[in-house]
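Open your viewer and get the selection tool ready. We will go from stop to stop, with something to pick at each one.

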Amino acid sequence: MNVATMDEPDAIERRLESVLSAIRAAELRWNRPPDSVTLLAVSKTHGVDAICRCIKAGQRQFGENQLQEALGKIEILKEQPLTWHFIGAIQSNKTRGIAERFAWVHSVDRLKIAQRLSAQRPPHLPPLNICLEINVSGESSKAGIAPSALPALADAAAQLPGIKLRGLMSVPAPATEFEAQRRPFRTLHALFTGLNDQGYNLDTLSMGMTDDMTAAIAEGATLVRVGTAIFGPREAIPNDQP
Ligand SMILES: *Cc1c(COP(=O)(O)O)cnc(C)c1O
């Protein structure tokens, strides 16, 4: 059984509303222009019913991290005016499905993947928007490229047809203190500014999740990826239907 169904009937709607209020409050508090931060609702592991409740409440951007799971939802919801973002680890054999069915990919971390997405993006679709995933915490176990590898990857990715380099993304190591949460986001923002100073036209800084969204907004996030705070806790079994 899906945890969300055990809550009150309007729990998702209320949580979505409160996440949006928290984003607007953080914009004000940290001198960010109103509506400068986009909410990406991370619907991974949650069913179409939960996504539909968000759609009815006005949410249009959804994030998924597993191709097979996402394709089912995208197909069922294909008449809806939604923007789908792929945010998970990318295996080479999954790039075609991603290139064909998504509008955004946040987790590009090597040139080979960028090249495959470029080659496999159907010509009748607008370019696939991509962010490069950076490992700003420096642990070897985490996804993303080292900051030192960014200039070469950005240069190569920006020249590929069929994809459009929009910005940078990171999932820093979890931290509880607000100041500690801010530090990796500040590093990512500096890398972003550095590329724009060199003439890149990046407009997307994808950083911040349920537990560190405010710190990310304080450091310039333009898009926060939020799952738990909207949909409730995720269960171990993906796609469990109520
Ligand atoms: C799951 C996920 C999120 C959302 O995480 P929450 O803590 O549930 O908000 C954001 N970004 C990525 C890359 C994820 O995989």
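Which side-chain N or O atom is 2.5 Å from an oxygen atom of the ligand? Select T210: the N or O atom in question belongs to its side chain. This is a predicted model, in which local features need pLDDT of at least 70 and side-chain atom pairs count only at pLDDT 80 or more, while totals for chains, interfaces and linings use all residues. Residues are numbered from 1 along each chain as its sequence is written, and side-chain values use heavy atoms, with hydrogens and water left out.

Next, pick T228, where a side-chain N or O atom is 2.6 Å from a ligand oxygen. At G227, a polar backbone atom is 2.8 Å from an oxygen of the ligand. On its own the ligand has 390 Å² of accessible area (Shrake-Rupley method, 1.4 Å probe), and the protein covers 89% of that.

Now show the residues around the ligand, meaning those with a heavy atom within 4 Å of it. Among them are V42, K44, I87, M169, R225 and R234. The shell comprises six nonpolar, three polar and three charged residues, with Gly counted as polar.

For the last stop, leave the ligand and select P172, A173, P174, A175, Q181, P184, F185 and D212, which line the second largest cavity. A cavity is a set of points on a 1 Å grid over the protein atoms alone where a 1.4 Å probe fits but cannot get out, and lining residues have an atom within 4 Å of a point. This cavity has a volume of about 30 Å³, the space filled by probe spheres set on the points. Its lining has six nonpolar residues, one polar and one charged.

Technical notes
A polar contact is a pair of N or O atoms within 3.5 Å; within protein, one must be able to donate a hydrogen and the other to accept it, and residues adjacent in sequence count only if both atoms are side-chain atoms. On a 1 Å grid over the protein atoms alone, a cavity is a set of points where a 1.4 Å probe fits but cannot get out, and a pocket is an open set with protein on both sides within 12 Å along at least five of seven lines; lining residues have an atom within 4 Å of a point.
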